[in-house]
Amino acid sequence: MVELEKFYNKVDVNFRGVDRESDLGKRIVPLLENVIERLPKEKQFELLGEIWFCTRRTFVERCEEHIHENGRTPALERLIPTVNNAIAYWDSNIDLVEDAIKTSPVDPDGHSSFLPVIHNNDDNSKTVGGVYDISYICDLYDYRNDMYVMGVMAHEIAEYSHKYNIMKEKAESLWKMKDKARSIMFSKWASSGYDPESQEYAEHEKSVNREAARLGFEKEIIAMDGDAAF
């Protein structure tokens with residue numbers, strides 16, 4: 001299992017728009033640590049990363065800042081309108097939250113991105129690595145039970161674990177490609193797509209859920225996505 005101290009030596013946990021000392025903040029940190037400590041000792045859980053607890057609005061701010069600093073990012077450019085649409089829905093909502101959730105538009109609970117890195121060693125072997133960034137979008141977490149929230153946490157961690165394993169398997173082919181081709185092929189092999197309402201994206205999400213189950217979180221994923229999770 002992963003040791004929490006070693007994990008935190010590589011990963012920063014940040015709060016933006018969510019108060020760490022609030023009741024919600026004090027609830028979600030132990031849930032995250034429960035998930036982390038149950039992860040198996042695998043190389044991808046030794047990578048550098050950042051984990052953010054955000055609101056919908058602060059998540060959009062982070063996405064816009066990333067695009068401004070790093071240039072166009074199709075996945076984020078497709079996701080921003082989706083989250084903004086959820087913001088507009090909840091700003092105009094007058095129903096009880098428990099009822100409104102049933103009719104809400106696509107409203108992500110989190111997002112995970114992974115930047116693969118492949119090193120060419122002196123002996124012509126390949127070393128795979130990368131960095132990851134996870135955002136947990138916490139607006140509805142007060143209305144989600146602990147198993148659901150841990151399902152979200154496990155899913156977003158499994159997202160980059162899934163992509164890391166693809167990169168590891170395809171390292172030789174990816175290394176031979178130029179940057180643009182590498183990005184296109186990596187996305188194709190990961191079957192991620194960019195549209196949260198597409199069939200391709202739905203299949204990708206099931207692949208990630210299966211990876212989360214492999215890591216030991218099948219019950220939490222079912223609590224989040226139901227029996228059709230896989």
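Two strands count as paired if DSSP finds at least two bridges between them. Strands (E, at least two residues) and helices (H or I, at least four) are DSSP runs, numbered from the N terminus. This is a predicted model, in which local features need pLDDT of at least 70 and side-chain atom pairs count only at pLDDT 80 or more, while totals for chains, interfaces and linings use all residues. Residues are numbered from 1 along each chain as its sequence is written, and side-chain values use heavy atoms, with hydrogens and water left out.

Start with the sheet. Four strands form an open sheet in the order β1-β2-β4-β3. The pairing is mixed. At the edges stand β1 (11-16) and β3 (110-120), each of which pairs on one side only. From one strand to the next, the twist averages 15°. Angles here run from 0 to 180 degrees between N-to-C directions, and axes are lines fitted to C-alpha atoms, for helices over the stretch in contact.

Now cross the sheet strand by strand. β1 and β2 run parallel and share six bridges. Arg16 has Cys54 in β2 as its bridge partner. Next, β2 (residues 48-54) pairs with β4 (residues 126-137), again in the parallel sense, over seven bridges. Here Ile51 stands opposite Ile134 in β4. β3 and β4 are antiparallel, joined by eleven bridges. Phe114 faces Tyr132 of β4 as its opposite number. These two strands, β3 and β4, make a hairpin with five residues between them. In the turn, Asn124 has a positive phi of about 70°. In a regular strand, side chains alternate between the two faces of the sheet.

How much of β2 is buried? Five of its seven residues are buried, so the strand is mostly covered. Buried means under 20% relative accessible area, exposed means over 50%, and partly exposed lies in between (1.4 Å probe, protein chains only).

A helix packs on this sheet. Helix α2 (residues 23-38) touches β1, β2 and β4. A contact means heavy atoms within 4.5 Å. The direction of α2 makes about 160° with that of β1.

Further along the chain, two helices pack together. Helix α8 (residues 199-214) and helix α9 (residues 218-225) meet at an angle of about 145°, with their axes 7 Å apart. From α8 come Asn209, Ala212 and Ala213. From α9 come Glu218, Ile221, Met224 and Asp225. This contact holds four nonpolar, one polar and two charged residues. Nonpolar covers Ala, Val, Leu, Ile, Met, Phe, Trp, Tyr, Cys and Pro; charged covers Asp, Glu, Lys and Arg; the others, Gly among them, are polar.

Look again at Ile221 in α9. Why does Ile221 count as buried? Its relative accessible area is 0%. Apart from residues up to four places away in sequence, Ile221 touches Gly151, His155, Asn209, Ala212, Gly226, Ala229 and Phe230.

Two other residues give another view. Arg72 sits in the loop between α3 (56-70) and α4. Arg72 counts as exposed because its relative accessibility is 71%. Glu77 belongs to helix α4 (residues 74-92). Glu77 counts as partly exposed because its relative accessibility is 25%. Leaving out neighbours within four places in sequence, Glu77 is in contact with Ile67 and Arg72. With the same kind of neighbours left out, Arg72 touches Ile67 and Glu77.

Last come the empty spaces. Rolling a probe the size of a water molecule over the atoms shows where empty space is left. On a 1 Å grid over the protein atoms alone, a cavity is a set of points where a 1.4 Å probe fits but cannot get out. A pocket is an open set with protein on both sides within 12 Å along at least five of seven lines, and lining residues have an atom within 4 Å of a point. Grid points are joined across faces, edges and corners, and a volume is the space filled by probe spheres set on the points.

The whole structure has one cavity of 30 Å³ or more. The largest cavity has a volume of about 30 Å³. Its lining consists of Arg56, Asp107, Pro108, Asp109, Ile137, Asp139 and Leu140. Three of these lining residues are nonpolar, none polar and four charged.

The second largest pocket has a volume of about 180 Å³. Its lining residues include Val2, Phe7, Lys41 and Glu46. The full lining divides into four nonpolar, no polar and six charged residues.
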